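Please look over the sequence and the model below, and then follow one helix, its surroundings and a few side chains in turn.

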Protein chains: 2
Amino acid sequence: MTRYSLEVRIKPRPGLLDPEGKAIHHALQSLGWGAVDEVRVGKVIYIDLEAESEAAATETATAMCRKILANPVTEDFQVSMAVGVPAGKLEGAQS
Amino acid sequence: MTRYSLEVRIKPRPGLLDPEGKAIHHALQSLGWGAVDEVRVGKVIYIDLEAESEAAATETATAMCRKILANPVTEDFQVSMAVGVPAGKLEGAQS
């Protein structure tokens with residue numbers, strides 16, 4: 001068993017209102033960033049788990065999304081490997 | 001000016017408690033996913049903006065993070081290009 005770090009991105013579906021995204025969009029524009037066209041806010045869940053292979057880890061995370069992490073009516077999700085960035089480790093703010 | 005789609009990931013810093021991540025971790029374990037080691041929950045902000053170049057777009061998003069998107073005391077951020085996935089478009093739940 002190997003430890004894999006996965007990244008699950010959960011995003012509001014396109015048709016849906018996203019009040020948090022709208023609020024950020026307006027804030028950015030009033031701060032002078034007029035070139036912003038659209039802002040959408042989602043969640044990212046970092047999961048570290050033990051699995052036999054990368055494929056098995058991804059499959060497990062996808063099953064988790066279907067079962068409890070994402071709402072199929074309002075959200076889309078995307079599972080990917082977060083190579084070299086364990087959930088508990090510092091990613092480092094870009095400086 | 002070209003339209004770029006960026007993805008800003010904001011994550012609680014390692015030392016900090018993450019109650020939402022802990023709650024998800026426990027939920028996953030009680031549903032039988034015992035191989036999960038750690039769960040951390042962050043935000044992902046999809047930003048579509050007009051810029052001269054990819055570098056300029058990334059720089060703008062980094063400035064936004066420093067100014068209002070991320071809390072430097074409690075969060076780390078990471079800016080990347082979301083190639084081919086405009087903020088308003090369907091990413092498609094993996095099926």
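**A helix and its two sides**

In this predicted model, helix 2 of chain A (residues 54-69) spans only 20 Å between its end C-alpha atoms, whereas a straight helix of 16 residues would span 22 Å at 1.5 Å a residue. Seen down the axis of this helix, its buried residues fall within an arc of 155 degrees, so they line one face of the helix. These buried residues are A:Ala57, A:Ala61, A:Thr62, A:Met64, A:Cys65 and A:Leu69, while A:Ala55, A:Glu59 and A:Lys67 are exposed on the other side of the helix. As background to such a pattern, an α-helix has 3.6 residues a turn, so residues three or four places apart point the same way.

What, then, covers the buried residues of helix 2 of chain A? The cover includes strand 1 (2-12), strand 2 (36-51) and strand 3 (75-81) of chain A, and chain B contributes helix 1 (19-30) and strand 2.

Strand 2 of chain B, residues 36-51, is also the place of B:Asp48. With a relative accessibility of 0%, B:Asp48 counts as buried because the cut-off for that term is under 20%. The side chain of B:Asp48 is joined to that of B:Arg3 by a polar contact of 2.7 Å, and to that of B:Ser5 by a polar contact of 2.9 Å.

The cysteines complete the tour. A:Cys65 is buried, with a relative accessible area of 1%, and B:Cys65 likewise counts as buried at 1% relative accessibility. Over all chains, the count of disulfides comes to zero.

Notes:
Residues numbered from 1 in each chain as written. Chains lettered and ligands numbered in written order. Predicted model: local features only at pLDDT ≥ 70, side-chain atom pairs only at ≥ 80, totals over all residues. Heavy atoms only, no water. Helix = DSSP H or I, 4+ residues; strand = E, 2+ residues; numbered from the N terminus. Buried < 20%, exposed > 50% of the residue type's maximum accessible area, 1.4 Å probe, protein only. Polar contact = N/O pair within 3.5 Å; in protein donor to acceptor, adjacent residues only side chain to side chain. Expected span 1.5 Å × (residues − 1). Arc of directions from axis to C-beta. Contact = heavy atoms within 4.5 Å. Disulfide = S-S within 2.5 Å.
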